[in-house]
Every structure is written in C-alpha cells, then in structure tokens.
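Here are a few exercises to work through with the model open beside you. Try each task before you read its solution.

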Amino acid sequence: MDPKHTRDGLPESEAAAEARRLIEDWARASDQIRQGPTSFRDPSPVPAYGSTPPVPQPDRRIVPAWAAGTAVAGIGVGATFVGVGCGIWLACQGFAAVTLTSVLFVTLPIAAVAGVVAAIASAVRSMKDAHIENHHHYEGPVTQDNSNVHTQSRGLLAWTRNDVN
C-alpha cells in the first residue's frame with residue numbers, strides 16, 4: 001500500500017477534506033438542534049425575612065397510603081400461609097411424638113389466626129387512612145431558614161445523630 005494513501009485507499013488530502021466536511025456537517029446540524037438554556041439561576045439575593053405569600057406545596061407521594069397498607073397486609077397473609085403450610089408438614093412428620101414438631105402443631109392454629117387477624121386489621125386501618133386531606137393556613141410574616149442538618153447513622157442498630165448548624 002502506498003504510504004500517501006489511507007486505509008480506505010483515499011489519498012491523505014482527500015481523507016482530510018472528507019473529515020473536514022463531516023465535522024462541518026455535524027456542527028451545522030448541532031447548531032440547528034441547539035435550544036435555549038436548560039437551567040436558570042436567579043442571582044437576586046434571598047430576603048432574610050419579609051411578608052412573602054405562601055407557596056403551594058402539593059403532596060406528591062409516589063405510592064398512596066392504601067396501596068402500601070394493602071402490600072403490607074398481602075405480605076403478612078402470604079407469610080402466614082407459608083408458616084401454616086410448613087406447620088402442617090411438620091405436624092404430619094411427627095403427629096403423636098412430643099417433640100418440637102408436636103408443640104408447633106398445637107400452637108400453629110393460634111399463630112395462623114393471629115396472622116390473619118393482623119393482616120385484616122392492617123388492611124382495615126389502611127382503608128380508613130386512605131383519604132388524607134391537608135390544609136395549610138399561613139398568616140403573618142414568612143421567614144426563610146437556611147440551616148443545615150448533618151446526619152450520621154452508625155452502628156448495628158443504626159444509631160442516628162442529627163447536628164443542626
């Protein structure tokens with residue numbers, strides 16, 4: 001291969017001209033796509049206090065309360081039925097022997113009823129708490145607090161310490 005040619009067989013001058021043309025086409029296309037600014041920073045100073053009107057802050061929860069309660073109740077019912085099934089299997093393994101399995105067999109119906117009652121109570125409580133209505137009424141001057149809170153969680157049981165600066 002001739003040293004004055006590129007890998008594609010083009011002379012170096014033609015390859016350079018083609019590269020320049022591609023870069024100019026890309027720059028022209030990106031100028032057409034480019035839009036206005038994507039962010040804005042207000043340089044005006046924030047007042048320390050004043051009679052600023054309240055700003056509405058709508059409640060934007062990701063999961064409604066009734067859905068979270070239903071999920072917890074479903075997990076409780078599912079775990080209960082798994083426990084009941086395991087207990088029945090253990091009871092069938094040693095029905096008359098006075099062992100751990102026989103003790104579990106005796107206490108299993110009580111635990112099953114307690115699990116079902118807890119799941120139903122959780123579902124009923126979440127149905128009652130499904131409609132939450134918040135009213136915010138503001139009067140008087142509004143102050144803006146720019147304090148910082150530094151939080152540290154340490155240890156096996158997650159001991160949390162909050163330092164307000």
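A contact here means heavy atoms within 4.5 Å. Please keep in mind that this is a predicted model.

**Exercise 1. Find which residues Thr80 touches, not counting residues up to four places away in sequence.**

Solution. Start by placing the residue: Thr80 sits in helix α2, which covers residues 65-93. Next, look for its partners beyond the sequence neighbours: Thr80 touches Ala112, Gly115 and Val116. Of these partners, Val116 belongs to helix α3 (residues 100-128).

**Exercise 2. Decide whether Thr80 and Val116 are buried, partly exposed or exposed.**

Solution. You need two cut-offs: buried means under 20% relative accessible area, and exposed means over 50%. Thr80 has 14% relative accessibility, so Thr80 counts as buried. Val116 has a relative accessible area of 33%, so Val116 is partly exposed. Now follow Val116 onto the surface: with Ile120 and Val124 it forms a nonpolar patch, and together the three have about 230 Å² of accessible area.

**Exercise 3. Trace the salt bridges of Arg21 and say how they are arranged along the helix.**

Solution. Begin with Glu18: the closest N and O atoms of the salt bridge between Arg21 and Glu18 are 2.6 Å apart. Both residues lie in helix α1 (residues 12-33), and their spacing of 3 residues is about one turn of the helix. Then turn to Asp25, whose side chain meets that of Arg21 in a salt bridge of 2.9 Å, N to O. Arg21 and Asp25 are 4 residues apart in helix α1, so about one helical turn separates them. Put together, Glu18, Arg21 and Asp25 are linked in a network of salt bridges. The structure holds 2 salt bridges.

To finish, check the accessibility of each member. Arg21 is partly exposed at 39%, Glu18 is partly exposed at 34%, and Asp25 is partly exposed at 29%.

**Exercise 4. Describe the protein as a whole: which elements does it have, and in what pattern do they follow each other?**

Solution. Count the elements: there are 3 helices and 4 strands. Reading along the sequence then gives α-β-α-α-β-β-β. For burial, 10% of the 165 residues count as buried. The accessible surface comes to about 14,500 Å², and carbon and sulfur atoms hold 63% of it. Last, consider contacts with a separation of 6 or more: residues 24 or more positions apart account for 45% of them.

Key. Residues are numbered from 1 along each chain as its sequence is written. This is a predicted model: local features need pLDDT of at least 70, side-chain atom pairs count only at pLDDT 80 or more; totals for chains, interfaces and linings use all residues. Side-chain values use heavy atoms; hydrogens and water are left out. Patches are made of residues with over 30% relative accessible area and no salt bridge: like charges are joined within 9 Å, nonpolar side chains (Val, Leu, Ile, Met, Phe, Trp, Tyr) within 5 Å. Accessible areas come from the Shrake-Rupley method with a 1.4 Å probe; for residues, only the protein chains shown count as cover. A salt bridge is a side-chain nitrogen of Lys or Arg within 4 Å of a carboxyl oxygen of Asp or Glu. Helices (H or I, at least four residues) and strands (E, at least two) are DSSP runs, numbered from the N terminus. Buried means under 20% relative accessible area, exposed over 50%, partly exposed in between (1.4 Å probe, protein chains only).
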